[in-house]
Amino acid sequence: MLCSGQSAIAQNSYIDSMTQWVETHPKIDSQHILTLHRISFRYSEKNINKAFEYYEKVSNLSDSLNYDYGKALAQINLGLLLFTSANYNASNSAYFRAIEYAETSDAKRLKAVSLNNIGENFRALNEFDKCREYTRKAVLLNKELNVPRGVATNYELLQQCDLKEHLYNDAKKNLLEGMSYALKSNDSYILSLYYIGFGKYCAINNQKDSANYYFDKAMEEASLQNDVRNKYRTYIAKAEFLKMIPSNEKLELLKSAYKLARQTGYMEGIGYSAELISSYYDQNKNKDSSAQYFHIYRSAYDSIFSENNKRNVVIKETDWMINRKELENKHLQDLSLIQKRDLVFKNILLLASFILLLSGIVTAFFIYKN
């Protein structure tokens, strides 16, 4: 979730308080590792290098304690970082490793989170059937664990797939199914997403008044915690889905979304809103303004591509270190196995020598007697 203004201050304050707790509680235990994980997660959208720094701490400490729950947390963090850099296949690899550790430590909630995030990666890749496959597995687990927010998140992801594939009845069904869980969670971020979904559905069915009602509700929920990302999504949804709105109103919505993205440095938002504004001006024969926003759109996506490459280099290096560590561990295991075999062989030789010696003594005794 993007942050700005007071929410950014609150975010920084939360990170500072957790960092201070780690400094005053240096004992390496499960709570220490969990707090490091939370710091990494909070940094994941604002400072990629810091997020990696804390991810590596979680990973290394969990390895040193052979703490599978912590290993699962570390892989979830790595998956999120890979997702933000658009490295979706590598992100899924991290989540599958997280599931292995989660199963070993009987951490069903972490498994459910990983399954949903795998689904999110497949949605980004437009592999909607795969998205549904893993998200539905997450639904079953979250229902078993009675986690309303998790179930609501799962159904919201399913309706995104439905809307993309124009399966509007399925989208409505998933929205209605998930809304009861969203209300139970009482989470403004989740509720805002659902209201955006209902607004899109109503707009598709030419129910303008209902669509506007839900979009306004989405904006209200987003405003409760100054959730800039969902405010941006609401402006874009209104501009894209509401039909027959006045031309100047559509431009105002797009520029509001663009302004929010600029204020928060949300490069994908800057690029997408600028592309839509450029297209609007092009349709209205304003070539100069169209060219201006097209240039902004291209610059934003060039920046994203460059930044993603930088992130992926760091991630690949980190991944290489993990693979090297796994190889080292395997080497140590193989070495330990060889040493055990050598010890068994030496013990067998020693026992055989003792038996031969004892046999010789017994034979000599009988010869002497005879």
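Biologist: Does Y297 count as buried or exposed?
Modeller: This is a predicted model. The cut-off for buried is under 20% relative accessible area. Y297 has 18% relative accessibility, so Y297 counts as buried.

Biologist: And how does F294 count, at 40% relative accessibility?
Modeller: Exposed would need over 50%, and buried under 20%. F294 stands at 40%, so F294 counts as partly exposed.

Biologist: How many aromatic pairs are there?
Modeller: Ring centres must lie within 6.5 Å to pair. By this rule, the count of aromatic pairs is 13.

Biologist: What kind of pair do Y280 and Y281 form, stacked or edge-to-face?
Modeller: The ring centres of Y280 and Y281 are 5.6 Å apart. Their planes stand at 70 degrees, and planes over 60 count as edge-to-face. The pair of Y280 and Y281 is therefore edge-to-face.

Biologist: Are Y280 and Y281 buried or exposed?
Modeller: Both residues of this pair fall in one class. Y280 and Y281 are buried.

Biologist: What is the geometry of the pair formed by F294 and Y297?
Modeller: Centre to centre, F294 and Y297 are 5.5 Å apart. The planes make 55 degrees, which is neither under 30 nor over 60. The F294 and Y297 pair is tilted.

Biologist: Within helix α15, what separates F294 from Y297?
Modeller: Helix α15 covers residues 287-369. F294 and Y297 are three residues apart in α15, so their separation is about one helical turn.

Biologist: Which residues do ring pairs link into a cluster?
Modeller: The links in this cluster are ring pairs. The members are Y195, F198, Y213 and Y214.

Biologist: Over which ring does the charged end of K57 sit?
Modeller: The distance from the charged end of K57 to the ring centre is 4.4 Å. The cut-off for this arrangement is within 6 Å. The ring belongs to Y54.

Biologist: How far is the charged end of K184 from the ring centre of Y181?
Modeller: The charged end of K184 sits over the ring of Y181. Its distance from the ring centre is 5.2 Å.

Biologist: Which residues does S62 contact, leaving aside neighbours within four places in sequence?
Modeller: S62 lies in helix α3, residues 48-65. At 0% relative accessibility, S62 counts as buried. Its contacts beyond those neighbours are I33, Y67, G70 and K71.

Biologist: How many disulfides does a search of the whole structure find?
Modeller: A disulfide is a covalent bond between the sulfur atoms of two cysteines. The search covers the whole structure. The number of disulfides is zero.

Biologist: For C131, how far away is the nearest cysteine sulfur?
Modeller: C131 is in no disulfide, and the nearest cysteine sulfur is that of C161. C131 is buried at 0%, and C161 is buried at 0%. A disulfide needs sulfur atoms within 2.5 Å. The C161 sulfur is too far for a bond, because its distance from the sulfur of C131 is 3.2 Å.

Biologist: How many residues of α8 are buried?
Modeller: Helix α8, residues 148-164, should span 24 Å, and its end C-alpha atoms are 25 Å apart, which agrees. The buried residues include N154, E156, C161 and D162. Their cover includes α6, α7, α9 and α10. The buried count is 12 of 17.

Biologist: Which residue with positive phi follows α13?
Modeller: Helix α13, residues 247-264, reaches 26 Å over 18 residues, close to the 26 Å expected. Among its buried residues are L251, Y258 and T264. Phi is near 70 degrees in the residue that follows, G265.

Conventions
Residues are numbered from 1 along each chain as its sequence is written. This is a predicted model: local features need pLDDT of at least 70, side-chain atom pairs count only at pLDDT 80 or more; totals for chains, interfaces and linings use all residues. Side-chain values use heavy atoms; hydrogens and water are left out. Rings of Phe, Tyr and Trp (its six-membered ring) pair if their centres lie within 6.5 Å; planes under 30 degrees apart count as stacked, over 60 as edge-to-face and the rest as tilted. Buried means under 20% relative accessible area, exposed over 50%, partly exposed in between (1.4 Å probe, protein chains only). Helices (H or I, at least four residues) and strands (E, at least two) are DSSP runs, numbered from the N terminus. A charge sits over a ring if NZ of Lys or CZ of Arg is within 6 Å of the ring centre and within 35 degrees of the ring normal. Contact means heavy atoms within 4.5 Å. The expected span of a helix is 1.5 Å times one less than its number of residues.
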